[in-house]
Amino acid sequence: MAFEQFGTMNVNEVGHLEIGGVDTLKLVEQYGTPLYVYDVALIRERARGFKETFAELGVAAQVAYASKAFSALAIYQLMAEEGLSLDVVSGGELYTAIQAGFPAERIHFHGNNKTADEIELALDYKIGCIVLDNFHEIALLKEMLHEKKMKTAVLVRVTPGIEAHTHDYILTGQDDSKFGFGLTNGQAEAAIREVLAADDVFDLIGLHCHIGSQIFETTGFIMAAHRIMEQLVLFRDLFGFESKVLNLGGGFGVRYTAEDEPLAPEEYVKEIVAEVKNMAQANGLDVPEIWIEPGRSLVGEAGTTLYRIGSRKEVPGVRDYVAVDGGMSDNIRPALYEAHYDAVLASEPNGEAEETVAIAGKCCESGDMLIWDLPLPKSESGDVLAVFCTGAYGYAMASNYNRIPRPPVVFVENGESKLVVARESYADLIRNDLPLW
Ligand code: LLP
């Protein structure tokens, strides 16, 4: 197979790209373009991979789906079916999860500026825990809990002074981050003291950290686990505090293009668990429950976007632009992060490349380019382009820029497709507009 295949991708008997046993050209006929397609079997495989590895290693764990990667009723229901927990970062994600029927006790609420309304919602829904991020929030939540005569489970988010950028790890002495309490500057210790002192309203179950995203190695996670375990010894000695939970966040890398070489998700888990066990044993601590929060690695590779090719502009001696009927409005990542993607023609995914083209979006902005150098067979207006690995932070970060309606989302599994987010209509676009006259 010439192209990079994910999950259930296949080339069917008529030579078309198939996902979940469904011909992508049939999907386009039925639902139009652009279209986000999710390979449900691959999402399930990933979810089970994480969970089963913890189970095999005999460690109590929670795998919480970081739903900022893709938030919609259907994905919450799928993750609930798989027995995952959930990380939400806003009232909107929380509301969607609850509407989807996600068990409230498995929801964890993150964010560096949760509003009082959002906290109220979380307390009313009786969610599993709130991840405390700053001193303002400790005071606000304490006051709200007193008023409501409630007690809630909390984690304290710490910045261990490690930042991972795919292959590099930066040790940041002064913990320069908008998130969490610094471990090295004493803020984490002060926060824990404050939270433990308010044990009438707070049940401090553990610590949390998140070191970055799209990480390809285990080193950063091991460094973070090591540092936090070291600190837990200190907090035990200082406060008699025994952490039940150690949450190491998300960030496990995926393969956008052949240049990316992520580890199997299970590898990260194995090494994290080994480090936590070692440190616990060496320091006479109980092995805490280990929680992780993968987003991208659960849904990224499972998503493919199907576009219709439209215009073509040839700039002699420079490049040929091939434009599709979407772009930065459905995938902001190339424009925002210079992210790279790979793509094929859905009608001939294994077709021999005859030219290298630049895939342009349709937004009125020169920066709206999806792929700069894509080897492709000769394409024509009307052909369908399948861009891979768009399942994380694609739909989630989509906008109505240029008043382009957001594309629909379809789940495919076992030869069946199911529409889970409808295409926005022009009427949807003006739903909240109020006329001047
Ligand atoms: N937990 C916390 C506390 C996080 O901040 C994040 C991501 C995750 C978990 C999940 O990380 P993941 O496993 O998906 O890498 N929009 C960017 C990514 C921003 C990630 C922010 N936090 C992108 O498109 O690359």
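## Strand pairing, domains and listed sites

Me: In this predicted model, what makes strand 8 (residues 129-132) and strand 9 a pair?
Reply: They share 3 bridges, in the parallel sense. A pair needs at least two bridges, so strand 8 and strand 9 qualify.

Me: Which residue of strand 9 is the bridge partner of valine 131?
Reply: Leucine 155. On strand 13, leucine 155 has glycine 206 as its bridge partner.

Me: What makes strand 9 and strand 13 (residues 202-208) a pair?
Reply: Here 6 bridges join the two strands, which run parallel. The cut-off is at least two, so this count also passes.

Me: How do you know that strand 12 (residues 181-182) pairs with strand 9?
Reply: There are 2 bridges between them. At least two are required, so strand 12 just meets the condition. The two strands run parallel. Threonine 159 stands opposite glycine 182 of strand 12.

Me: Why is strand 9 (residues 152-159) called mostly covered?
Reply: Of its 8 residues, 7 are buried. Buried calls for 20 or more other C-beta atoms within 10 Å, so 7 residues of strand 9 reach that count.

Me: What makes up the β-α-β unit that contains strand 9?
Reply: Strand 8, helix 6 (residues 135-148) and strand 9. The unit is right-handed. With the strands pointing away from the viewer, the path from strand 8 over helix 6 to strand 9 therefore runs clockwise.

Me: What is the strand order in the open sheet of 3 strands?
Reply: The order is 1-2-3, and the pairing is antiparallel.

Me: Why do strand 1 (10-11) and strand 3 (22-23) count as edges?
Reply: Each has a single partner strand, so one side of each has no neighbour in the sheet.

Me: How do you know that strand 2 (residues 17-19) pairs with strand 3?
Reply: The two are joined by 2 bridges and run antiparallel. The requirement is at least two, so they are a pair. Isoleucine 19 stands opposite valine 22 in strand 3.

Me: Into which domains is the protein divided?
Reply: Domain 1 takes 10-32 + 302-429, and domain 2 takes 40-299. Their C-alpha centres lie 33 Å apart. The contact takes 19 residues from domain 1 and 17 residues from domain 2.

Me: Which strand gives the most to the side of domain 1 that touches domain 2?
Reply: Strand 22, with 4 residues. Strand 22 (409-413) and strand 23 (416-421) each supply at least two. By class, that side of domain 1 has 13 nonpolar, 4 polar and 2 charged residues.

Me: Which residues does UniProt list under "binding site"?
Reply: The unreviewed entry lists Arg296, Arg333, Tyr337, Glu365 and Tyr393.

Me: Why do they not all gather at one spot?
Reply: The farthest two C-alpha atoms are 27.1 Å apart, so one spot does not hold them all. In sequence they span 98 residues.

Me: Why is tyrosine 337 called exposed?
Reply: It has 11 other C-beta atoms within 10 Å. Exposed means 12 or fewer, so tyrosine 337 fits. Tyrosine 337 lies in helix 11 (residues 333-337).

Me: What makes glutamate 365 partly exposed?
Reply: Its count is 13 other C-beta atoms within 10 Å. Exposed stops at 12 and buried starts at 20, so glutamate 365 falls in between. Glutamate 365 sits in the loop between strand 19 (355-360) and strand 20 (369-376).

Methods. Residues are numbered from 1 along each chain as its sequence is written. This is a predicted model: local features need pLDDT of at least 70, side-chain atom pairs count only at pLDDT 80 or more; totals for chains, interfaces and linings use all residues. UniProt positions are given in the numbering used here, feature names are shortened, and annotations may be inferred rather than shown by experiment. Domain bounds come from an automatic or database domain assignment. Two residues are in contact if their C-beta atoms, placed from the backbone, lie within 7 Å. Ala, Val, Leu, Ile, Met, Phe, Trp, Tyr, Cys and Pro count as nonpolar, Asp, Glu, Lys and Arg as charged, and the others, Gly among them, as polar.
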